[in-house]
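These are my notebook entries on helix packing, enclosed space and backbone angles. I looked up each item in turn and wrote down what I found.

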Amino acid sequence: MDYLYFLYLELLHKWNLPDYIAMVTFPIIPFCFVAAALIVVVIFLVLAERKILAFFTQRKGPNRVGPWGLFQTIADAIKLLCKENITPEGTDKFLFTLAPLLAFIPVLVVWGIIPFCNEFDIISFSINSLLFVVIAAIPILGILLAGYASNNKYSLIGSVRSVAQAISYELPLIFVLLSIVVLASSMNLKQIVLAQSSIYPFCGYFVFPAFLGFVVFFACGIAELNRCPFDLPEAESELVSGYNTEYSGMKFAFFFLAEYAMMFIMCAFIATLFLGGFLSPLGFYVGEKLIPNEFLANLSVYFEQAFWVFVKTFFLIFCMIWVRATLPRLKSHQLTAFAWKVLLPLSLLNLLIVCLIKAVL
Amino acid sequence: MKNLKYLISLIIGHLTVFKHIFKKPVTLEYPEKKIELNDKFRGEHAFDVEKCTACGTCQRVCPSFGTIEIEKEKDENGKFYPKNYSIDLNKCIFCGNCVQYCPFGAIKMTQNYELADEKKSTLKLEINTLKRNYFDNIIDK
Ligand code: SF4
Ligand code: SF4
C-alpha cells in the first residue's frame with residue numbers, strides 16, 4: 001500500500017497538485033474498485049441465483065438474452081433504469097428517498113472490511129469484525145424507514161417484521177462471533193484468518209471446533225438477509241412484496257442491489273470467519289511454486305488468495321440458494337421462537353465448547 | 001426426539017432437492033421446440049363435406065350451445081348436404097363429442113393447437129377452412 005501511495009504522490013506532483021489532495025483522494029481509489037466489483041458481483045449473483053434455483057427445480061432458468069441468458073440481468077438493470085421514479089401520494093418524501101440510500105451505503109462500507117488478500121483489507125483496525133456486525137445492521141433502519149414512509153400497510157408490516165427479525169437474530173450472531181474471537185484471540189478479521197492457518201491444509205479452519213457455531217451463524221445470516229425460509233418481510237403471498245412495494249425505478253434498484261451485495265458480503269464474512277478466508281485449502285499457493293520470477297510469484301499469490309475467497313463465498317451462496325429451494329417460509333411466531341429457543345441456546349453451547357477447547361489446547 | 005425427527009427430514013429434504021440438479025430439465029423452449037402430442041389430442045377441427053349428411057347430431061351433442069351451425073339443403077338426388085357449416089372456436093371446449101357421435105365420421109380433430117389470433121371473427125371456422133384442415137391434416141397423413 002505504501003509503495004502505491006508513493007507512486008500516486010509522484011503522479012500528482014507531475015500535475016503540480018499539493019500533497020493534501022493525494023492524502024484525501026488516495027483512500028477513495030480502492031473504494032472505487034470495490035464499488036465496481038460490487039456491481040459486477042451483483043449482476044453475476046442475480047443471474048447465478050436464478051440459474052441455480054432453476055436447476056434445483058428442474059428448469060432451465062433465463063435463456064433468452066444472450067448465450068445461455070447471460071445478459072438477462074443487464075437487460076433487467078437497463079429496464080429498471082429506464083423506468084419512471086414514482087413517489088406515491090401521501091408518502092414522506094424525504095424519508096422515502098433516504099431509505100434506499102440508507103439501505104445501500106452501509107453495504108458499500110462493509111465491503112471494505114472483508115480481507116480479500118493479505119494486503120487488501122481497506123478498513124483494517126483492531127476490532128473491525130465488530131464494526132462489520134454494527135454496520136451490517138444499519139440497512140435494517142433503511143428498511144424500517146421505507147416501510148414507515150411508504151404510506152402503505154403492507155410495507156409497514158413488512159418492515160416491522162424485518163426489525164423484529166433482526167433483533168432476534170443479531171444476538172446469536174454476536175455470540176458465535178464471540179466464540180470465533182475466543183479461538184483467534186483477535187477481533188481483526190485478517191488476524192482471524194491468519195489464526196486459521198496450520199501445517200496441514202484446511203485442518204485449522206474454525207468450522208471444525210465451532211461447527212455448531214457455523215450452522216447457527218449460517219441460519220442467522222440467512223435471517224439477516226431476509227431470505228427464504230426467513231423471508232417474512234418480503235412474503236409475496238401476504239405482503240405484495242413487503243417494504244419495497246411502493247418503490248420503482250432507481251430506488252427499487254438500490255434496494256435490490258443492497259440485498260444481493262449484502263448476500264455476497266455476508267457469505268464472504270462467514271467464509272472469512274469459518275472457512276479460512278483467503279487461505280488456500282491446498283496448503284500452498286500454485287503461483288508461488290510455478291512462477292520463477294519472485295515479484296510475479298508474490299503478486300500471483302494475492303490474486304490466488306482473492307480467488308479462494310470468491311470460491312468459498314460462492315460455495316456458501318450456493319448453499320443459501322439450496323436452502324431457499326428446499327424450505328418453505330416459516331410462520332411469524334415460529335421465526336422468533338426458532339431464534340430465541342433454538343439458536344440462542346445453541347450459540348451459547350457453542351461458546352462453551354469453544355472455550356473448553358481453547359482451555360484444553 | 002421430535003426435534004431429531006425434524007432434523008433428519010430436513011437433511012433428507014435437502015438431499016432430495018440436490019438430486020434435481022442432475023435430472024434433465026423439463027423446460028421446453030416453446031416456439032422453437034414443440035411438445036410431442038398424443039394421437040388422440042383434441043385440437044382444431046377438420047371436416048369432410050362429402051361424408052356429412054347434415055343430420056345435426058353433432059349440433060345436438062355439443063355441450064356448448066351454439067358452437068356448431070349447420071345450414072342444410074337438398075341436392076338434385078334428394079339427399080341432404082350442408083350448404084354452410086361452421087364451428088365457433090370461441091365457444092368450443094374441445095370436448096370431442098362431435099367427433100365421437102358423428103354417424104359418418106365427417107368431423108375429425110387435428111393436432112393444431114396454436115389458435116391464438118387477433119380477431120374473434122377468425123376463430124369462427126367456416127366450411128372452407130374446415131375443408132382445408134381436412135385436406136391438409138387428415139388426408140396428408
Ligand atoms: S368439440 Fe365439443 S364443444 Fe367443440 S364443437 Fe365439438 S362437441 Fe362442440
Ligand atoms: S358432421 Fe356428422 S353429425 Fe354433424 S351433421 Fe354432419 S353427419 Fe351429422
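I began with helix 3 of chain A and helix 12 of chain A, which pack at an angle of about 85° with their axes 9 Å apart. Axes here are lines fitted to C-alpha atoms, for helices over the stretch in contact, and angles run from 0 to 180 degrees between N-to-C directions. Helix 3 of chain A is therefore roughly perpendicular to helix 12 of chain A (angles under 35 degrees count as roughly parallel, over 145 as roughly antiparallel, 65 to 115 as roughly perpendicular and the rest as oblique). Helices (H or I, at least four residues) and strands (E, at least two) are DSSP runs, numbered from the N terminus.

I noted that this is a predicted model, in which local features need pLDDT of at least 70 and side-chain atom pairs count only at pLDDT 80 or more, while totals for chains, interfaces and linings use all residues. Residues are numbered from 1 along each chain as its sequence is written, chains are lettered from A and ligands numbered from 1 in the order in which they are written, and side-chain values use heavy atoms, with hydrogens and water left out.

For the contact itself (heavy atoms within 4.5 Å), I listed Leu38(A), Ile39(A), Val41(A), Val42(A), Leu45(A), Val46(A) and Glu49(A) from helix 3 of chain A, set against Phe256(A), Leu257(A), Tyr260(A), Ala261(A), Met263(A) and Phe264(A) from helix 12 of chain A. By class, this contact has twelve nonpolar, no polar and one charged residues, where Ala, Val, Leu, Ile, Met, Phe, Trp, Tyr, Cys and Pro count as nonpolar, Asp, Glu, Lys and Arg as charged, and the others, Gly among them, as polar.

I then turned to helix 6 (residues 128-136) of chain A, which packs with helix 12 (residues 249-274) of chain A at about 155°, the axes being 12 Å apart. That angle makes helix 6 of chain A roughly antiparallel to helix 12 of chain A. The residues that meet are Ser129(A), Phe132(A) and Ala136(A) in helix 6 of chain A and Met262(A), Ile265(A), Met266(A) and Phe269(A) in helix 12 of chain A. I counted six nonpolar, one polar and no charged residues in this contact.

Next I looked up helix 8 (residues 153-184) and helix 15 (residues 332-360), both of chain A, which pack at about 10° with axes 9 Å apart. Helix 8 of chain A and helix 15 of chain A are therefore roughly parallel to each other. Their contact divides into 19 nonpolar, six polar and one charged residues.

For enclosed space, I found four cavities of 30 Å³ or more, and the largest has a volume of about 190 Å³. On a 1 Å grid over the protein atoms alone, a cavity is a set of points where a 1.4 Å probe fits but cannot get out, a pocket is an open set with protein on both sides within 12 Å along at least five of seven lines, and lining residues have an atom within 4 Å of a point. Grid points are joined across faces, edges and corners, and a volume is the space filled by probe spheres set on the points. Helix 12 of chain A gives the largest share of the lining of the largest cavity, five residues. That lining divides into eleven nonpolar, one polar and three charged residues.

The largest pocket holds about 1,700 Å³ of space. Of its 37 lining residues, Val215(A), Leu327(A), Phe338(A), Leu7(B) and Leu10(B) are the closest to its centre. Helix 1 of chain B supplies the largest share of this lining, ten residues.

Last, I checked phi: Gln58(A), not a glycine, has a positive value near 60°.
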